[in-house]
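I opened the model today to look up a few contacts. My notes follow in the order I took them.

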Amino acid sequence: MASGVKPRVKVPKTAAAGDTITIKTLISHKMESGQRKDDDGNVIPRSIINRFTCDFNGQNVIDIALEPAISTNPYFQFEAIAPESGEFKFTWYDDDGDVYETTKKIEVS
Amino acid sequence: MNLKPWMTLAVAGFAGMAFAQDSNTLAIEGDAFVTETAAPAHMENVDTIYSGWRFRSSETQALETDDFDNPAFVFVDQGIDLFDKVEGTENKSCSSCHENVEDFAGLRTQLPRVDDGELVTMENLVNECRTERMGAEPWKYSGGQMTAVTALIGLQSRGMPMDVAIDGDAAPFWEKGKELYYTRVGQLDMSCSNCHEDNYGVMIRADHLSQGQINGFPTYRLKNAKLNSIHGRFKGCMKNIRATPFKEGGAEFKALELYLASRGQGLSVETPSVRN
Amino acid sequence: MKLTRRNLLILSSASVAATAMGSLPAFATLTDDAIAELTGGAELGEGAITLTAPEIAENGNTVPIEVSAPGAVAITLFADGNPVPNVATFNFGPLSAERSASTRIRLATTQNVVAVAKMEDGSFQMAKANVKVTIGGCGG
C-alpha cells in the first residue's frame, strides 16, 4: 500500500430526482511523475494513480485515465445524475497495483 | 495585466506599488475573514497590514474559500487520525486527555508564548505532550505528522484574530525577533524587511511579494503540494538569500516567529491557508 | 575558405543557431502525434469545447483546469510543452450529467493546454488555451 494515501469526497446527502449533482474528489498521493532525479542522478521511477472511476448503483458516471501531468493529490470535480437513492462508489487505481475505494450514500426524493 | 505599462514603470526605475495587494474579500465557507487591518502601534514603517491571501492570484485565492477545494484538508484529515492514535509507553493518544479538539479554540492566536520563562511554539507544546505525557517519540519539527496536527489545532482558531503577548516575560524574546527581522544576512545580504516591509506588493521576478504574515500557517503551498510549517518557511527564505538558516525550533526562529505573529495582530487566523 | 578566427566564429554560431532552431518544436510535434493517434488523423472542428485555464499560472505545479463539451463522449487533455503531452482522458458514462470536469495539472513551462473531444457522432473537436508558467521570485 503506497503510504499516506487517503481519499476525500464531497457528495450532497440529498437530491431531487433528475437534479445535476456536483461531486468533488481528492486523494492524497504523491503522483511521482518519473521525470525527477534523486541526489545520485538516478531517475525516480514513475508511480502514480493511473485511473479513477465513479459508479452509482453499478452504473458508470465517469472513468478517468490519469497521466503524470495530473498534480500531486489528484482532484476531480464532475457532474452526475442519480435517478434513485443509492450509493456512489469511487475507485482509484495505483501504478503499484493498489486500489483505493470509498463510498457515499445519497437520498433521492 | 497588460505588459506594456509594467515595462514602462520598470524602465522609469519606479519599483512602486505597480501590483499592490488586490481588494478581494475573503469568505471561507460563507464566513467573513479579516485580511486587512490597521498595523499595530509598534510597526513604525507600515500603516496597514494585509494577509498573504491578498497577494495571490484569483485561482489560488479561490482554493481557500471552500474546505473541500482547499487541498490542505486532506492533511487535516490525517491530523484527525493522528490525534486519535495511541502511541508511546503510556498507551495514550492526544484525545485520551484532549477529548475535544475544538477546545483548542484560541490557542493558535496566542502562540508563541512564554511558559515558565521559556518561549514555546505550538510544535514545542505538541512534542512536550508526546515525550512527557505520552512517553512517545517527538515528531520531526516540520515533518508531515507535525504539520498535520498543528493544522488541525490551528483550524480550531480559524477566523479569530491573531493576538500574541509581546510585553512582560515576552518582551526580551520579542526584541530579539525584531532585531533579527531587520538584520541583513547571507550572500545576498538581505533582511526580512527588505522584501516584506520595503517591497511588499511588488513583483520579485514572477512572485507577488507579500508582507510575510504568518496568520495562515501551516500553509498548503502549490509549490510542494503539502503543508509547510512556519520555521520551514523561514528556513526556505534564508536559503533563498543564500544564508545559512537558523535551526528549526531554535531560539532565533522562535523569537522571529513571535515578532512576526505580532506584526499580524488583528488579522484572522486562516489555518490551513493556501499559498503559492 | 581560410579558417581564420572570424570564419570559425561565424561557422560555429551558425551551427549553434541551426541546432537551436531544429530542437524548438520537439514537444509540439509529440502532441500532434498524440492527437493524431487519438483521432486517427480525423479533422478537428472548433467551437464545441469550453476550456478554462488561468492566463498566468501562479505555480506550474498545480494549475486548475476546467473543460466542458456538451455532447462529448470523452475529452482528452494535452500539454504541448510538457515532456509527456498526455494529461488525462475523461470518459463520460451513462450517469454523467454534464460532459464536463475540473482538475489540477502540472505544466513544465509556458505552453498550450489542448482539449480534444470525441463527440457522440464520432467527430472530433479541439480547443486550446495558452498558459504562462513563470519562475517564482525567491528561486523558492
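Which residue stands opposite Val133(C) in β9(C)? I found Ala57(C) there. I am working from a predicted model, so I treat every value as computed.

**Entry 1: strand β9 of chain C**

I stayed with this strand and went through its neighbours. Ala57(C) belongs to strand β3 (residues 56-57) of chain C, which pairs with β9(C) in the parallel sense over 2 bridges. Strand β1 (residues 44-46) of chain C also runs parallel to β9(C), joined by 3 bridges. There I noted Leu44(C), whose bridge partner in β9(C) is Phe124(C).

Strand β8 (residues 111-119) of chain C runs antiparallel to β9(C), and I counted 8 bridges between them. One of the partnerships is Val114(C) with Lys128(C). The two strands form a hairpin with 4 residues between them. In that turn, Gly122(C) has a positive phi of about 90°.

Is β9(C) enclosed or open to the outside? The strand spans residues 124-133, and 7 of its 10 residues are buried, so the rest of the structure largely encloses it.

**Entry 2: strand β7 of chain C**

Next I took strand β7 (residues 96-105) of chain C. It is mostly covered, with 7 of its 10 residues buried. Within chain C, strand β4 (residues 63-68) joins β7(C) through 6 bridges and runs antiparallel to it. Glu66(C) stands opposite Ser102(C) in this pairing.

Which strand of chain A joins β7(C)? I found strand β6 (residues 75-81) of chain A, antiparallel, with 4 bridges. Phe76(A) stands opposite Thr103(C).

Phe76(A) came up again when I looked at rings. Ring pairs link it into a cluster with Phe52(A), Phe56(A), Phe78(A), Phe88(A), Phe90(A), Trp92(A) and Phe90(C).

**Entry 3: rings**

How many aromatic pairs are there over all chains? I noted 17. One of them is Phe55(B) with Tyr200(B), an edge-to-face pair at 6.3 Å centre to centre and 90° between the planes. Phe55(B) lies in the loop between β4 (48-50) and α2 (58-64) of chain B, and Tyr200(B) lies in the loop between α9 (192-196) and β7 (203-204) of chain B, so the pair ties together parts 145 residues apart in sequence.

I checked burial for both, with the cut-off at under 20%. Phe55(B) has 1% relative accessibility and counts as buried. Tyr200(B), at 14%, counts as buried as well.

I then looked for charges over rings. The charged end of Arg51(A) sits over the ring of Tyr93(A), 5.1 Å from its centre. In chain B, the charged end of Arg130(B) sits over the ring of Trp139(B), 4.0 Å from the centre.

**Entry 4: chain B, sheet and helices**

I found an open sheet of 3 strands in chain B, in the order β10-β9-β11, with mixed pairing. Its edge strands are β10 (226-228) and β11 (274-275), and each pairs on one side only. Strand β9 (residues 219-221) of chain B runs parallel to β11(B), with 2 bridges. Tyr220(B) stands opposite Val274(B).

Last, I looked at two helices. The axes of α8 (residues 171-181) and α11 (residues 251-263) of chain B come within 7 Å and cross at roughly 90°. That makes α8(B) roughly perpendicular to α11(B). Residues making the contact include Phe173(B), Trp174(B) and Tyr181(B) of α8(B), and Leu256(B), Tyr259(B) and Arg263(B) of α11(B).

Technical notes. Residues are numbered from 1 along each chain as its sequence is written. Chains are lettered from A and ligands numbered from 1 in the order in which they are written. This is a predicted model: local features need pLDDT of at least 70, side-chain atom pairs count only at pLDDT 80 or more; totals for chains, interfaces and linings use all residues. Side-chain values use heavy atoms; hydrogens and water are left out. Rings of Phe, Tyr and Trp (its six-membered ring) pair if their centres lie within 6.5 Å; planes under 30 degrees apart count as stacked, over 60 as edge-to-face and the rest as tilted. Buried means under 20% relative accessible area, exposed over 50%, partly exposed in between (1.4 Å probe, protein chains only). A charge sits over a ring if NZ of Lys or CZ of Arg is within 6 Å of the ring centre and within 35 degrees of the ring normal. Two strands pair if DSSP finds at least two bridges between them. Axes are lines fitted to C-alpha atoms, for helices over the stretch in contact, and angles run from 0 to 180 degrees between N-to-C directions. Angles under 35 degrees count as roughly parallel, over 145 as roughly antiparallel, 65 to 115 as roughly perpendicular and the rest as oblique. Contact means heavy atoms within 4.5 Å.
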